[in-house]
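Student: I am new to this structure. Please pick one part of it, look at it closely, and tell me what surrounds it.

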Amino acid sequence: AIAEREYLAEVEHPLIVEIYNFAMHEGAGYTVMEYVGGKSLKQILNDRRDANNGVITPLAVDQALAYVLEILPAFSYLHDHNLLYCDFKPDNMIQQGEALKLIDLGGVRRFNDETSAIFGTVGYQAPEVPTDGPSIASDIYTIGRTLVTMVLDFRGNTSTYVDSLPPVGDTPIFSTYDSFYRLVAKACALDPGDRFGSVDEMRTQMIGVLREVVA
């Protein structure tokens, strides 16, 4: 198990937590990672809720886009090195000062890995992963779902809308920002072939949407 995970020690990018070592203890494998101070995006969203007497207070669309845009180069780096992140969600993005960092590489796997356990989270994992395995398209799906979770009071993300988006007519954010809706609808398409072909393609579209929202 340690030998199979050694390749993660070669991952070196300023937006990705550094892996120091691997160890086995009482039959369990452990990843020793760099300590990253700060709050995860999940904690930031929870703090906003607590400050509003328990009422969920999503991020503004432009703020959510800016957060995700900053972390996308980490995905491009992983994909360029034939690695898939697999389990992206607000919990795994840490704000450290003015910068962001992608943490928790426990679910990362090689493109051609057909034997390792697949890690994912209900509400974020692409629907085809349990049968077809992860891919660049499934990583893009998790990015789209994370964006939606950041801007909506997305109560049905693990049930009613576990593999779909709320109707535009019932979702003011989608009605107000049509380009944002089209962005996440493409990223979260049921058919992997209908999603963005790469993170760089998605990033280009996202920059255009951010400019429109800010304007």
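Tutor: What follows starts from one residue and moves outward to its surroundings.
The model is predicted, so local features require pLDDT of at least 70 and side-chain atom pairs pLDDT 80 or more, while totals for chains, interfaces and linings use all residues. Residues are numbered from 1 along each chain as its sequence is written, and side-chain values use heavy atoms, without hydrogens or water.

The residue is Asp139, in helix α5, which covers residues 136-151. Helices (H or I, at least four residues) and strands (E, at least two) are DSSP runs numbered from the N terminus. Asp139 is buried and has no salt bridge. Buried means under 20% relative accessible area, exposed means over 50%, and partly exposed lies in between, for a 1.4 Å probe and protein chains only. A salt bridge is a side-chain nitrogen of Lys or Arg within 4 Å of a carboxyl oxygen of Asp or Glu. For Asp139, the nearest side chain of opposite charge is Arg195, 9.2 Å away; Lys and Arg count as positive and Asp and Glu as negative, with His and the chain ends not counted.

Contact means heavy atoms within 4.5 Å. Not counting residues up to four places away in sequence, Asp139 touches Phe75, His79, Leu84, Tyr85 and Cys86.

Cys86 also lines the largest cavity, together with Ile118, Phe119, Gln125, Ala126, Val129, Pro134, Ser138 and Thr142. A cavity is a set of points on a 1 Å grid over the protein atoms alone where a 1.4 Å probe fits but cannot get out, and lining residues have an atom within 4 Å of a point. The structure holds one cavity of 30 Å³ or more, and the space in the largest cavity is about 30 Å³. That volume is the space filled by probe spheres set on the points, which are joined across faces, edges and corners.

Helix α5 also belongs to a wider setting. The largest nonpolar core has 56 residues, and Leu147 is among those with the most contacts inside it. Such a core is a set of buried Ala, Val, Leu, Ile, Met, Phe, Trp, Tyr and Cys residues joined through side-chain atoms within 4.5 Å. Elements giving two or more residues to this core include α5, α7 and α8, while α3 gives the most, with twelve. Phe180 is in contact with Leu147 and Val151, among others.

How values were computed:
On a 1 Å grid over the protein atoms alone, a cavity is a set of points where a 1.4 Å probe fits but cannot get out, and a pocket is an open set with protein on both sides within 12 Å along at least five of seven lines; lining residues have an atom within 4 Å of a point.
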